[in-house]
Amino acid sequence: DPGFDLTCSALPSISVTKMHFPATPTNGGPVSYLITVQNTGLATVDNISIVDTLASQVFYTSNIAPAGLVFSQSGQIMSWNGAGIGLTPGAMFTVTLTGTTALCYTGMIGNTAWVSASSIGGSTQFKATDSGFGLTSAISSLTISKTHTPASPLNNNAVSFYINVTNTGTATITSIKVVDTLSPQVTYTG
């Protein structure tokens, strides 16, 4: 048996996950995305790039990334270029991207990040999609009612008016001003 030589090359590979917190963001509140990149292969992964396009209902405020990842922004497109980063087998890092949600928006917001590395073929992209979350715009709504006692007041007798203001919406309402104009037949006594 002459035998044979077997050459085995260690192949690089990565996995990418993405999640948001808090679990249920609110209108006008903060939301952060965690993008975790892990080397799941047997060789070092080099020159990692991340691209994340924020939904139009999320406004960028900040990011935290490991040293060596250079951040850039163009509109809603966030990019990190890790030209000098090598991720050894089993190693991982996380990028945190933080924004503020739209104040008046109702609907689902999703988000996807794309990761590539030159050592895996720069055109191969790994996708990480966040589960998404829903926002419901707070609604301002007031109900105002007015009653008086006695039910049938007599001339030249006291009558009391009661004004009830109720918030029937989902938004906190501040600085409410109620104006009540009395008819000329009623004299205000305090």
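The following dialogue examines how particular descriptions of this predicted model are justified.

Visitor: How confident is the prediction, and where is confidence lowest and highest?

Guide: The protein averages a pLDDT of 88, and 94% of the residues score at least 70. Confidence is lowest in strand β6 (residues 77-87), with a mean of 89, and highest in strand β4 (residues 58-64), with a mean of 98.

Visitor: What makes the contact of K18 with D52 a salt bridge?

Guide: The term requires a side-chain nitrogen of Lys or Arg within 4 Å of a carboxyl oxygen of Asp or Glu. The side chains of K18 and D52 meet at 2.4 Å, N to O, so the pair satisfies that limit. The two residues belong to distant parts of the chain: K18 lies in strand β1 and D52 in strand β3, 34 residues apart.

Visitor: Why are K18 and D52 called buried?

Guide: Buried means under 20% relative accessible area. K18 has 8% relative accessibility and therefore counts as buried. D52 has 0% and therefore also counts as buried.

Visitor: How many salt bridges does the structure hold?

Guide: The structure holds two salt bridges. Besides the pair of K18 and D52, D180 forms one with K146.

Visitor: How do you know that D180 and K146 form a salt bridge?

Guide: The closest N and O atoms of D180 and K146 are 2.7 Å apart. The limit is 4 Å, so the pair qualifies. This pair, too, links distant parts of the chain, with D180 in the segment after β13 and K146 in strand β12, 34 residues apart.

Visitor: Why do D180 and K146 count as partly exposed?

Guide: Partly exposed covers values between the buried limit of 20% and the exposed limit of 50%. D180 stands at 33% relative accessibility and therefore belongs in that range. K146 stands at 42% and therefore belongs there as well.

Visitor: Why is Y60 in strand β4 described as partly exposed?

Guide: Y60 has 23% relative accessibility, so it counts as partly exposed. The buried class ends at 20%. As to its surroundings, the C-alpha atoms of Y60 and Q76 are separated by 7.6 Å, although the two residues are 16 apart along the chain.

Visitor: What makes I144 and N156 exposed?

Guide: Exposed means over 50% relative accessible area. I144, in strand β12, has a value of 55% and is therefore exposed. N156, in the loop between β12 and β13, has a value of 84% and is therefore exposed. N156 and S72 are 84 residues apart in sequence, and their C-alpha atoms are 77 Å apart in space.

Visitor: Which residues form the nonpolar patch, and which strands supply at least two of them each?

Guide: L142, I144, I163, V165, I176 and V178 form the patch on the surface, with about 470 Å² of accessible area together. Strands β12 (142-149) and β13 (160-167) each supply at least two of its residues. A patch residue must have over 30% relative accessible area; I144, at 55%, therefore meets that condition.

Visitor: How do you know that β3 and β6 are paired strands?

Guide: Two strands pair if at least two bridges are found between them. Eight bridges join strand β3 (residues 45-53) to β6, so the condition is met, and the two strands run antiparallel. Among the opposed residues, S49 stands opposite N81 in β6, and V45 stands opposite L87 in β6.

Visitor: What makes β5 a partner of β6?

Guide: Strand β5 (residues 70-74) and β6 share five bridges in the antiparallel sense; at least two are needed, so they pair. V70 stands opposite N81 in β6. The two strands form a hairpin with two residues between them, and G75 in the turn has a positive phi of about 65 degrees.

Visitor: Why are β5 and β10 called edge strands?

Guide: The open sheet of five strands has the order β5-β6-β3-β9-β10, with antiparallel pairing. β5 and β10 (126-129) each pair on one side only. The twist averages 20 degrees from one strand to the next.

Visitor: Why do β1 and β4 stand at the edges of their sheet?

Guide: Four strands form this open sheet in the order β1-β2-β7-β4, with antiparallel pairing. β1 (14-21) and β4 each have a single partner strand, so one side of each lacks a neighbour in the sheet. Inside that order, strand β2 (residues 30-39) pairs with strand β7 (residues 92-101) over nine bridges, and the bridge partner of S32 in β7 is T98.

Terms used: Residues are numbered from 1 along each chain as its sequence is written. This is a predicted model: local features need pLDDT of at least 70, side-chain atom pairs count only at pLDDT 80 or more; totals for chains, interfaces and linings use all residues. Side-chain values use heavy atoms; hydrogens and water are left out. pLDDT is the predictor's confidence in each residue, from 0 to 100. Patches are made of residues with over 30% relative accessible area and no salt bridge: like charges are joined within 9 Å, nonpolar side chains (Val, Leu, Ile, Met, Phe, Trp, Tyr) within 5 Å. Accessible areas come from the Shrake-Rupley method with a 1.4 Å probe; for residues, only the protein chains shown count as cover. Buried means under 20% relative accessible area, exposed over 50%, partly exposed in between (1.4 Å probe, protein chains only). Axes are lines fitted to C-alpha atoms, for helices over the stretch in contact, and angles run from 0 to 180 degrees between N-to-C directions.
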